[in-house]
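User: Could you walk me through this model? I would like to go piece by piece.

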Amino acid sequence: MVVSNSFSPWAKVTSGVPQGSILGPLLFILYINDIVSEVSGNIHLFADDTSLYVNVDTPELSASILNSDRRAKSNWSKVWLVTFNPSNTESIIFSRKKDKLQHPPLLMGDTPIATVKSHKHMGLSFSEDVKWNIHISAMVNKAWTRIELLRSLKCVLSRSSLEKMYMYFIRPLLEYAEIICDNCSVEMHNDGEAVQIEGARSATGATKLCSLYFLNFLKWERLVIRRRNN
């Protein structure tokens, strides 16, 4: 490391990769990439997140495969000096069956893995019933918080500044992972549209008494139309 012409001493890296370096992400991928050959089920890697999954034919068989893969990963971690944290590991079963089958517990070493009803992965909340209510509700609530800030500034900032704030800080929330969530209910779609309508009111200085047609001069497409066009 170099700071103001001062050099830190060299250090030997005996495991892992240096954090904050330009080559760090690439070196980390190279470091862990062979883990995929250690499992018999399905595996997805993204940065330091690892997801194991199987299609459930019978609960006992599926649990056996996943537990076997977990043991393989544990053995791999001992060889490569990588530590997996059981408290940060969750299990979720996706099914729309009303009467769900009982599944044997999954273990990380001797520690049971917690089974959850929803799991957040890459900013997307997956629910066990394969619906998007939890994700979209959280997204809309976060967007409404930012809309409140926009409202408080509509008499202070210019209209162009307010519109840019909406485009940069609010609409990306509503459109994150939209392709995946597009099969949500009409009510969920309308919740997002309501946020955009209020954002348009705030950006134009309009009140709730103003007709929505008054806001058309912004030329904002409805979110559903943007999804179809993109």
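Analyst: One definition to begin with: buried means under 20% relative accessible area, exposed over 50%, and partly exposed in between, with a 1.4 Å probe and protein chains only. This is a predicted model, where local features need pLDDT of at least 70 and side-chain atom pairs count only at pLDDT 80 or more, while totals for chains, interfaces and linings use all residues. Residues are numbered from 1 along each chain as its sequence is written, and side-chain values use heavy atoms, with hydrogens and water left out.

User: OK, so which class does Leu-153 fall into?

Analyst: Leu-153 is partly exposed, because its relative accessible area is 22%. The residue lies in helix α3 (residues 133-153), where helices (H or I, at least four residues) and strands (E, at least two) are DSSP runs numbered from the N terminus.

User: And what is Leu-153 in contact with, beyond its neighbours within four places in sequence?

Analyst: With those neighbours left aside, Leu-153 is in contact with Leu-162 and Met-165, contact meaning heavy atoms within 4.5 Å. Leu-153 is also 9.9 Å from Gly-205, C-alpha to C-alpha, although 52 residues separate the two in sequence.

User: Where is Gly-205, relative to α7?

Analyst: Gly-205 comes just after α7 and has a positive phi of about 80°. As for α7 itself (residues 186-204), its 19 residues should span 27 Å at 1.5 Å a residue, and its end C-alpha atoms are 27 Å apart, which agrees; the expected span is 1.5 Å times one less than the number of residues.

User: Does α2 get a similar check, and what span should its 22 residues have?

Analyst: Helix α2 (residues 59-80) should span 32 Å, and its end C-alpha atoms are 31 Å apart, which agrees. Its buried residues, including Leu-66, Arg-70 and Trp-76, pack against α1, β4 (49-53) and β6 (107-108). Leu-81 follows α2 and has a positive phi, near 60°.

User: Switching to cysteines: how many disulfides does a search of the whole structure find?

Analyst: The search finds zero disulfides, a disulfide being a pair of cysteine sulfur atoms within 2.5 Å.

User: Why is there no bond from Cys-184 to Cys-181?

Analyst: The closest cysteine sulfur to that of Cys-184 is in Cys-181, and it is 6.8 Å away, so it is too far for a bond.

User: Are Cys-184 and Cys-155 buried or exposed?

Analyst: Cys-184 counts as buried because its relative accessibility is 14%, whereas Cys-155 is exposed, with a relative accessible area of 74%.
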